[in-house]
Amino acid sequence: MPVDWGCGYAVPSFEYVLLTIIGCGLVTWLSRVLPLVLLKKFQLSPKVTEFLAFVPITIMAALWFENLFTQRLGHLPITNWDNIWASVPTVIAAIITKSLLWIVIIGMASLVIINHL
Amino acid sequence: MNHELTTSAAIKEAMPTVFGYIGIGIAFGVVAKAAGFSPLIVTLMSLIIYAGSAQFIAVSMLAAHSPILSIVFAVFLVNARMILISTTVSRYLPDQATWKNVVLGSFITDESFALSMNKINFTDHKLNFAWLNAANSVAYWVWALASLVGAVLGQFIANPDDFGLNFAIVAMFLGLLYLQIISDRVLGINLQLLVVAITLVLMYIGLIFIPVNILVLVVTLIACGLGVWLRRAFF
């Protein structure tokens with residue numbers, strides 16, 4: 001298999017790309033499936049379930065906040081003001097409409113408007 | 001959202017999240033095409049890896065000719081939150097045939113997870129195969145199709161931000177977070193807001209010295225631990 005591990009000049013070979021995709025697919029699949037299959041055979045302890053109760057809000061909040069900053073390892077992150085300002089009408093839309101559809105539409109429109117100001 | 005755990009209810013309830021996938025899926029296709037990957041490869045990535053942000057990382061590492069094992073490990077780390085997600089969902093599923101758990105696990109994703117955590121507030125904390133499988137399927141096929149469209153459109157779109165595409169997924173997480181907070185009756189609103197604020201602080205501090213690729217997982221683990229402690233101590 002002709003694989004160029006070194007410089008970035010050659011286009012990656014099809015075999016290399018395909019093997020990588022299959023490897024990546026395998027680890028993501030195992031991460032998703034193994035807990036569901038195994039946990040049905042064992043009971044989770046109350047301590048673990050108490051911990052898991054916080055998973056939804058922390059994951060969603062972390063995925064949101066991740067987009068409000070740009071990382072510079074070793075320094076304070078750069079604030080992404082466009083996304084922070086666009087989040088304001090989006091939060092208001094959430095409070096008023098309580099509809100995910102409107103939240104996403106208002107969010108996208110907010111960013112387009114901010115980009116053109 | 002209602003109490004019905006049916007295929008049609010799931011498809012209807014998943015519709016708003018479709019915008020999130022279309023936005024970020026097209027953005028992924030555009031980015032991958034720009035990095036030199038064909039629409040076929042782009043679609044295969046979405047069908048086989050099926051991992052949102054981890055796919056962006058795989059593309060940039062492939063373009064840099066990184067060793068296969070280091071790419072696979074990076075993708076595993078970025079997506080390791082799926083272990084938590086899958087573990088959390090398992091609590092709400094009935095005892096059912098193993099193949100059903102394999103199917104549900106194979107296609108679960110951040111968004112169908114978030115939707116299902118909203119849904120259980122209306123269903124007496126229960127999920128079933130029909131509902132979750134339909135919500136997952138909407139996510140999977142829209143994601144793959146949007147990536148393909150993005151890769152094909154890639155030559156015409158220079159900046160996906162012109163259409164607010166990159167913000168669609170941010171708005172979606174924000175919206176799902178809000179809907180989760182107002183519908184959760186177990187933890188209470190003050191404790192949830194406090195944990196969200198802690199998450200923000202941890203993300204900001206963590207960005208200084210933890211690579212962003214694994215930061216979401218690290219912060220989730222710490223914030224959940226702090227949440228448990230706060231709940232016992234003060235709530």
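Contact here means that heavy atoms lie within 4.5 Å of each other, and in this predicted model that criterion gives a convenient way into the packing of chain B. The buried residues of helix 6 of chain B pack, in this sense, against helix 1 (14-39) of chain A and also against helix 8 (129-153) of chain B. Helix 6 itself covers residues 98-107, and its buried residues are Asn101(B), Leu104(B), Gly105(B) and Ser106(B).

From this helix the view can be widened to the interface as a whole. In chain B, 93 residues are in contact with 78 residues of chain A, and the two chains bury about 8,000 Å² between them, with 77% of that area on carbon and sulfur atoms. His65(B), Phe167(B) and Leu174(B) supply 10% of the area that chain B buries against chain A, which is more than any other three residues supply. As for specific polar links, the rule finds one salt bridge across the interface of chain B and chain A, together with twelve residue pairs in polar contact, both partners being at pLDDT 80 or more. The element that gives the most to the side of chain B touching chain A is helix 9 (residues 165-183) of chain B, with 16 residues. Sorted by class, that side of chain B has 63 nonpolar, 22 polar and eight charged residues.

Helix 11 of chain B also takes part in the packing between the chains. This helix spans residues 212-234, 23 residues in number, and reaches 31 Å from its first C-alpha to its last, close to the 33 Å expected at 1.5 Å a residue. Buried residues in helix 11 of chain B include Leu215(B), Val219(B), Thr220(B), Ala223(B), Cys224(B) and Gly227(B). The buried residues of helix 11 pack against helix 2 (46-52) and helix 3 (55-66) of chain A, and within chain B against helix 4 (68-78), helix 5 (81-90) and helix 10 (189-209).

Two threonines allow this region to be followed residue by residue. Thr220(B) is placed in helix 11 of chain B and counts as buried because its relative accessible area is 1%, under the 20% limit. Beyond residues up to four places away in sequence, Thr220(B) touches Thr58(A), Ile59(A), Ala62(A) and Leu84(B), while its side chain reaches the backbone oxygen of Val216(B) at 2.6 Å. The C-alpha atom of Thr220(B) is separated by 26 Å from that of Val103(B), the two residues being 117 residues apart along the chain. On the other side of this contact, Thr58(A) is placed in helix 3 of chain A and, at 1% relative accessibility, is likewise buried. Leaving aside neighbours within four places in sequence, Thr58(A) is in contact with Val195(B), Thr199(B), Thr220(B), Ala223(B) and Cys224(B). A polar atom of the Thr58(A) side chain lies 2.8 Å from the backbone oxygen of Phe54(A).

The charged pairs complete the picture. Side chains of opposite charge can pair when their charged atoms come close. Over all chains, the structure holds four salt bridges. One of them joins two chains, because Glu50(A) lies in helix 2 of chain A and Arg232(B) in helix 11 of chain B; the N to O distance between their side chains is 2.8 Å. The partners differ in setting, since Glu50(A) counts as buried at 17% relative accessibility, whereas Arg232(B) is exposed, with a relative accessible area of 53%.

Within chain B, Lys119(B) forms a salt bridge with Glu13(B), and their closest N and O atoms are 2.9 Å apart. This pair links distant parts of the chain, with Lys119(B) in helix 7 (residues 110-119) and Glu13(B) in helix 1 (residues 7-34), 106 residues apart. Lys119(B) is buried, with a relative accessible area of 0%, and Glu13(B) also counts as buried, at 12% relative accessibility. Another salt bridge in chain B is formed by Lys126(B) and Asp124(B), whose closest N and O atoms are 3.9 Å apart. Here Lys126(B) is partly exposed, with a relative accessible area of 47%, and Asp124(B) counts as exposed at 61% relative accessibility.

How values were computed
Residues numbered from 1 in each chain as written. Chains lettered and ligands numbered in written order. Predicted model: local features only at pLDDT ≥ 70, side-chain atom pairs only at ≥ 80, totals over all residues. Heavy atoms only, no water. Helix = DSSP H or I, 4+ residues; strand = E, 2+ residues; numbered from the N terminus. Expected span 1.5 Å × (residues − 1). Buried < 20%, exposed > 50% of the residue type's maximum accessible area, 1.4 Å probe, protein only. Buried area = accessible area lost by both parts, 1.4 Å probe. Polar contact = N/O pair within 3.5 Å; in protein donor to acceptor, adjacent residues only side chain to side chain. Nonpolar A, V, L, I, M, F, W, Y, C, P; charged D, E, K, R; others polar.
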